[in-house]
Amino acid sequence: MRERERQRQKDAENRERERTARPVVQPPSPPPIPPISEVDRNLASAKAGIPISAEPYTDESWERIEVALSLEESSDEEKVAKTEAILNAISGLVTRVDQNLRDAMDNVPKDSGLYTEKSWQLIENALQLPEETDEEKVAKTEAILDAISGLVTRIDQNLMDAKNSVPDDSGLYTDESWLVLITALEMAEGTDEEKIVKTEAILEAIRGLVTIIDWNLASAKNSVPSDSVLYTEESWLMVEDALQLPEETDEERIAKTEAILDAISELVTRIDQNLWDAKNSVPDDSGLYTDESWFVLINALELAEGTDEEKIVKTEAILDAIRGLVTIVDWNLASAKGSVPSDSGLYTDESWLMVENALELPEGTDEEKVAKTEAILDAIRGLVTIVDWNLANAKGSVPSNSGLYTEESWLVVENALELPERTDEEKVAKTEAILDAIRGLVTRIDQNLMDAKNSVPDDSGLYTDESWLVLITALELAEGTDEEKIAKTEAILEAILGLVTIIDWNLASAKNRVPSDSGLYTEESWLMVENALQLPEGTDEEKVAKIGAILDAISGLVTRIDQNLWDAKKSVPDDSGLYTVESWLMVENALQLPEETDEEKVAKTGAILDAISGLVTRIDQNLWDAKNSVPDDSGLYTDESWMVLITALELAEGTDEEKIVKTEAILEAIHGLVTIVDWNLASAKGSVPSDSGLYTEESWLMVESAMELPEETDEEKVAKTEAILDAIRGLVTIVDWNLASAKGSVPSDSGLYTEESWLMVKSALELPEETDEEKVAKTEAILDAIRGLVTIVDWNLASAKGSVPSDSGLYTVESWLMVESALELPEETDEERSLKLRRF
C-alpha cells in the first residue's frame with residue numbers, strides 16, 4: 001500500500017512538471033466571447049468542484065469522477081447528465097483516511113473474551129480516540145491497526161507464558177526428561193486446540209523435569225546395598241554419614257552424591273575383613289612352632305578364596321589353625337605338666353606345695369615358660385609321700401582332755417587309735433580313722449550350738465529378708481573358739497525369736513512406697529493409689545491382695561511431667577508433608593531429645609511445643625516467598641501493572657485456599673510488571689505513524705533509523721525511546737513539503753509580470769494553511785497562480801495579436817502580408833517575442 005501511494009505521488013509530480021514546463025500565456029483582455037449558457041456554467045462549476053488531486057481519495061470513489069469526466073458533453077442534455085454525474089461522484093468521494101479508518105474499525109474482532117485484558121484494552125483505547133480531523137483519523141486508524149496487530153489471545157498468552165517458563169540451560173536436566181519437554185515444544189500449534197494441548201504438554205513437561213544432579217543423587221542412593229549387615233560397621237558408617245548429608249542446594253546434592261559413591265566404593269564386606277584380619281593374625285616366625293601345627297596353618301592359607309563361601313571357609317580354617325599352633329616352648333611346658341602325678345594326696349603338703357608353686361608360675365612369655373618347665377621338673381623330683389607323716393600327725397592331733405567332749409564322740413577316737421598300722425594301706429586307713437574321729441569329736445559347747453542351728457525354720461521364704469538376715473548373720477558368726485560358739489548359740493536363738501513373716505512387712509513396705517506428694521501425679525492415677533490404701537487387711541489373703549493393689553497403683557502412677565510430654569507428642573501433626581522441611585526438622589529434633597530424667601522430659605515437652613508452634617506450612621512459606629519477590633522500588637514500573645500487584649498483595653489470606661490464590665496472584669502480577677522504560681518505548685513505537693507515504697523520505701528515514709536502534713538494556717531503551725520521539729517530532733509531511741516547494745517556486749521579481757496575474761500569486765500566498773486540506777488547496781493555488789503568471793512581454797504580444805483585424809479582405813494584400821509575416825515569427829524566447837511585438 002505504501003509503495004503504491006509513493007508511485008501515485010511521483011506520477012502526480014511528473015504531470016505537474018509537464019504542465020508547468022512552458023508558461024501558459026493568458027491575455028488579460030481576450031477578444032469578446034459569446035455569452036456562457038446556464039448549462040455550461042453549471043458544468044464548469046461542477047468541474048471546478050472536483051478536487052485538484054486524486055491522491056487523498058480511494059481509487060474506487062475517484063474512478064467515478066474519471067467516469068463522469070469521460071462522459072460526452074456535445075449537447076445540453078449530455079452536459080446536464082455529465083454535470084449530475086460529476087456532482088454525484090464528488091458527493092460519493094471517500095478519502096483514503098476515512099476508508100482506512102472504516103476498514104480498521106471493521107477489522108476489530110467482535111469477541112473480546114478471546115484476548116488478554118491488556119491487549120484488548122489497547123483496542124478500546126484506540127476506538128475512543130477522536131476522529132474530527134484527518135490527523136486524528138490517521139492517528140486513530142494507526143492506533144486501531146496497531147492494537148489489532150498487538151492483540152494476544154488468552155490461548156496464545158498461555159502458550160507464550162509456558163514457553164517462557166522453559167529453563168534456558170538444558171544441560172542441567174536429564175536427557176529423558178528434557179526430551180519430553182522438547183517433544184512438547186515441537187508439537188503443532190496451528191489451531192487453538194493444538195495450542196491448548198501444547199501449553200498443557202509444555203507445563204507438564206516442565207513439572208516433570210529432573211535435574212542431572214537430582215538423578216545422580218537418586219542413582220547414588222539406589223546404589224547403596226540394602227543389607228548393611230554384610231559390611232563392616234566402620235565402612236557402613238561412612239555410607240550412613242553420606243546419606244545423612246544435607247541436600248537442599250545443588251552444591252549439597254553434588255557433594256552428597258560424591259560422598260555416597262565414595263562410601264560405596266570403600267565398603268568392605270565382613271567376609272573380606274574377617275579374611276584379611278585372619279591373614280594378618282598369622283605369626284611371622286614358623287620356627288617357633290611345632291612342624292605339625294604349622295603345616296595345618298600352611299594348608300589353610302593355600303585354600304581358594306574366589307567366592308564368599310570359600311572366603312568364609314578359608315577364614316575359619318586360618319583362625320582354627322592359628323588357635324591350634326603350638327610353640328616348642330609350650331610343648332615342653334605341656335610335657336612337664338603331664339609328668340606331674342595325678343594324685344597329690346600321696347605326698348606331703350610341703351613337697352606338693354613345691355609342685356603347685358611351680359605350676360602357678362607365670363607363663364606369659366617364652367622365658368617364663370622355660371623357667372616354669374624347669375621348676376615343675378625340679379618339684380616332681382622333690383616330691384615326698386605322706387602316709388607315715390599323716391599317721392603321726394593324726395595321732396598328735398588327738399585332744400588330751402576327753403572331758404570336754406561328749407562320750408559318744410570320744411569313743412570313736414579311742415576305737416581308731418586301736419586299729420593296726422603295719423602296712424601303708426593300714427596306716428592310711430588308721431590315719432583316716434583317727435582324723436575322722438577327731439573331726440567327729442563334738443564338744444558339749446558344739447552340741448548346744450548344733451541344737452540351736454537345728455531350731456532354725458526350714459522355709460526362709462515366709463520371713464522378711466531383714467529379719468531372716470539377722471538369723472543368717474547369727475548363723476555366719478565365727479565359731480572357732482568356745483567363746484565364739486557360746487555367743488553364736490545365743491545369737492541364733494535370739495534371731496529365731498525375732499523372725500518376722502514378710503506378709504506384714506510387704507504390706508508396710510508397699511504403704512511406705514506410696515509417694516508423699518500427690519501433686520506430682522495425675523488425678524486419675526493417684527485415685528487408684530487411694531483406692532488401694534482403703535482395702536481391708538484383716539487376713540493374710542486380704543493383706544496379699546492389698547499389697548498387690550498398692551504396688552499396681554504405684555506402678556500405674558503417671559507424673560504430670562510424663563503426661564505433659566505424652567500430650568505434647570500427641571499434638572505433633574500426622575502429615576509432615578504439609579510443612580516446610582526446616583520447620584518440621586525442629587519437630588523431629590525435639591522428638592529425638594532424651595527423656596530419662598524429669599528435667600529432660602520438661603525440656604523435651606517445651607521443645608516439642610515450641611517446634612509445633614514454629615511449624616510453617618508449605619502454603620505459608622510459598623506466600624511468604626512470593627511477597628519477598630515483590631520489587632522494592634515501585635517507581636520503576638507503570639501504575640497499571642503495579643496496581644495489579646498491589647491488588648494481589650491486598651487479597652485475603654485467612655484460609656489455605658485464599659493463601660494459594662493470593663500466592664498465584666502475586667507471582668502472576670510480578671510476572672506481569674511492566675517497567676516505565678519498557679512502557680515508554682512501546683508508547684513511542686505506538687506513536688510512529690503507520691503510513692510512511694504521508695511523509696518525506698528523508699524525515700521518515702530518521703524514524704526507521706530510530707526504530708532499528710538496540711533495546712537490550714534500560715539505557716538503550718531510554719535512548720531508543722528519545723530517538724523515536726525526536727524522529728516523530730522531526731517528521732515532515734509531503735503536504736508541508738509541497739507547500740514549501742510551491743512557495744519556493746514563486747518568482748522573486750514581480751515587475752516582470754502583469755499586475756493581474758501577479759495578484760493571483762499574492763492571493764494564493766495569503767490563503768490559510770492550518771489543516772492539510774488548506775495546505776493542499778494553498779499549494780495548488782500557488783502552483784496554479786504561478787502557471788497563470790503572464791509576463792508583460794507575453795501580454796503585449798497577445799494584445800498585439802488581438803488587435804489583428806478579423807477580416808483581411810478589407811486590406812491590401814501587401815499590407816496584410818506584413819501582418820501574416822509578423823504572426824509567423826517565432827516566439828519561444830523573450831527576445832523573439834519582443835522582436836515579434838515590434839514587427840506588429
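The following exercises, with worked solutions, concern a predicted model.

**Exercise 1.** Determine how helices α21 and α22 are oriented relative to each other.

*Solution.* Two packed helices are described by the angle between their axes and the distance between the axes. Here, α21 (residues 407-417) and α22 (residues 424-439) pack at about 165°, and their axes lie 8 Å apart. Angles over 145 degrees count as roughly antiparallel, so α21 is roughly antiparallel to α22. The crossing of α21 past α22 is left-handed. On the α21 side, the contact is made by Val-412, Val-413, Ala-416 and Leu-417; on the α22 side, by Lys-430, Ala-433, Ile-434, Ala-437 and Ile-438.

**Exercise 2.** Identify the elements that give two or more residues to the largest nonpolar core.

*Solution.* This core has twelve residues, among them Leu-507, Ala-510, Trp-526, Val-529, Ile-547 and Ile-550. The elements sought are α26 (502-512), α27 (523-533) and α28 (540-555). The largest share, four residues, comes from α28. Consider next Ala-510: apart from neighbours within four places in sequence, Ala-510 is in contact with Ile-547, Ile-550, Leu-551 and Ile-554.

**Exercise 3.** Establish whether Thr-522 is buried or exposed, and describe its surroundings.

*Solution.* First, locate the residue: Thr-522 is found in the loop between α26 and α27. Next, consider its relative accessible area, which is 15%. Buried means under 20%; Thr-522 is therefore buried. Its side chain is joined to that of Ser-525 by a polar contact of 2.8 Å. Finally, not counting residues up to four places away in sequence, Thr-522 touches Val-558, Thr-559, Arg-560 and Gln-563.

Technical notes: Residues numbered from 1 in each chain as written. Predicted model: local features only at pLDDT ≥ 70, side-chain atom pairs only at ≥ 80, totals over all residues. Heavy atoms only, no water. Core = buried A, V, L, I, M, F, W, Y, C linked by side-chain atoms within 4.5 Å. Buried < 20%, exposed > 50% of the residue type's maximum accessible area, 1.4 Å probe, protein only. Contact = heavy atoms within 4.5 Å. Polar contact = N/O pair within 3.5 Å; in protein donor to acceptor, adjacent residues only side chain to side chain. Axes fitted to C-alpha atoms, helices over the stretch in contact; angles between N-to-C directions. Parallel < 35°, antiparallel > 145°, perpendicular 65-115°, else oblique. Left-handed = near helix turned anticlockwise from the far one by under 90°.
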